[in-house]
Each structure stands twice: as C-alpha cells, then as structure tokens.
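Q: Take one part of this model and give me a slow, close look at it, please. I'd like to know what sits right before it, what covers it, and how the rest of the chain fits around it.

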Amino acid sequence: MQAALEEASIAKSLGEVPIGAVITCNGEIIGRGHNLRETSNDPTTHAEMVAIHQAAESIGHWRLLDTVLYVTLEPCAMCAGALVNARVERLVYGASDPKAGFCGSLGDLVRDPRLNHRLEVTHSVLEQTCSRLLKDFFADLRRERADISPPEEGGSDL
C-alpha cells in the first residue's frame, strides 16, 4: 500500500485526484498507476486502469492471474469490472468510496457470484492515511477556488 500511496502523491503533484495503484505478482510490482484523467483528458485513465495496462504489458498477457492490486481508494464500477475481466486474484484498498465504490459500498461487482471470476477483497488498509490524502486535496482545491473569487459587480473604474 505504501507504493500505491507514492503513486497517489505523484498524481497530486500533477494536479490530479491523488489516487494510486500498484499490481504485484509474487511480491514484485509489475504495474503502477496514478490518476491521469485531467492530464490525459481520458475518463478511463483511473489509477487502477493504468496499473492494469502496465501489468498486462509487463507479463505479456491480459490474464493477470496470481496478482494483487493495491489501491488507495475503493475502485469504481469501471475499474471493478476491469479487475474481474483481467482475472486479478486479490484486491486490497485503503479508503472506502460511498459515492462511487463498487467493491462493497454501492455494489460489489468483484464478488458477484453471477460472474465467472471473483476477487478476494481486503479493505481499510491504511484507511486513515489514504482518506486524509483525499480530504486534504479537496480541502486545498476548495480553498484555491475560494481565493479566485469573481470581481465585485461594477467594481471596475475603467
């Protein structure tokens, strides 16, 4: 999870929502990712999706058997579906996402018995650290937006 937090810090430095992910196989990191939606203008470049893509390239196959994904925030429906399709064995996440999480919060796609693959899930790992990173990011963003308030009505002498 520490490596996922490092990826989240990279995302934050880029002005992205600080979410990070890593995929391991036999204890070795084979894929890393952090949010890139703002940078890439691509709504699919969530941290998990970037890590999945890199891991598949690393092993030369789309089936990520015997792998573990560590991510700082509970995956959304898109990412949960990708984890199932990639056959990731285990998911470990930090903070729950009551607004978009699909690995236990809003739904549980990764453990749905109707699907052909299910993941083992461990949640709340370094939860407070992961949650604090997100809360601080959004608090700073709100402060920045408040500092850039529009000029007062009729306030120009021009």
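A: Let's start with a term we'll keep using: a residue is buried when its relative accessible area is under 20%, exposed when that area is over 50%, and partly exposed in between, all with a 1.4 Å probe and only protein chains counted. Keep in mind that this is a predicted model, where local features need a pLDDT of at least 70 and side-chain atom pairs count only at pLDDT 80 or more, while totals for chains, interfaces and linings use all residues. Numbering starts from 1 along each chain as its sequence is written, and side-chain values use heavy atoms, with hydrogens and water left out.

First, the setting. The chain has 5 helices and 5 strands, where a helix is a DSSP run of H or I with at least four residues, a strand is a run of E with at least two, and both are numbered from the N terminus. Reading from that end, the order is α-β-β-α-α-β-α-β-β-α. The C-alpha trace spans about 65 × 30 × 25 Å along its principal axes. Of the 158 residues, 43% are buried. A contact means heavy atoms within 4.5 Å, and among the contacts with a separation of 6 or more, 55% are between residues 24 or more positions apart.

The part I've picked is helix α5, residues 127-147. Before we get to it, look at the loop that leads in from β5. S124 sits in that loop, and so does L126. Here's some background: most residues other than glycine have a negative phi. Now check these two: S124 has a positive phi near 70° without being a glycine, and L126, also not a glycine, has a positive phi of about 50°. How covered are they? S124 counts as partly exposed because its relative accessibility is 30%. L126 is partly exposed as well, since its relative accessible area is 36%.

Now for α5 itself. This helix has 21 residues, and its first and last C-alpha atoms are 30 Å apart, close to the 30 Å expected at 1.5 Å a residue. That expected span is 1.5 Å times one less than the number of residues. Which of its residues are tucked away? C130, S131, L133, L134, F137 and A139 are buried. Their cover includes α1 (2-13), β3 (67-73) and β4 (90-95). D136 belongs to α5 too, but D136 counts as partly exposed because its relative accessible area is 32%. If you trace from D136 to E6, you cross 130 residues of sequence, and the two C-alpha atoms are 16 Å apart.

Since α1 came up as cover, swing over to that end of the chain. The end C-alpha atoms of α1 are 17 Å apart, which agrees with the 16 Å that its 12 residues should span at 1.5 Å a residue. Its buried residues are A3, A4, L5, E7, A8 and A11. They pack against α5, and also against β1 (20-25), β2 (28-34) and β3. So α5 is among the partners of α1, just as α1 is among the elements covering α5. Right after α1 comes G15, with a positive phi near 85°.

One more stop is useful, back along the chain from α5. V110 lies in the loop between β4 and β5 (120-122). Is V110 buried or exposed? V110 counts as buried because its relative accessibility is 0%. Setting aside neighbours within four places in sequence, V110 is in contact with A80, V84, F102, C103, H117, R118, L119 and V121. One of these, V84, is 26 residues away along the chain, yet the C-alpha atoms of V110 and V84 are separated by 6.0 Å.

To put the picture together, start at the partly exposed S124 and L126, both in the loop before α5. Then follow α5 through its 21 residues, and find its buried ones, such as L133 and F137. Finish by looking at the cover over them, including α1, β3 and β4.
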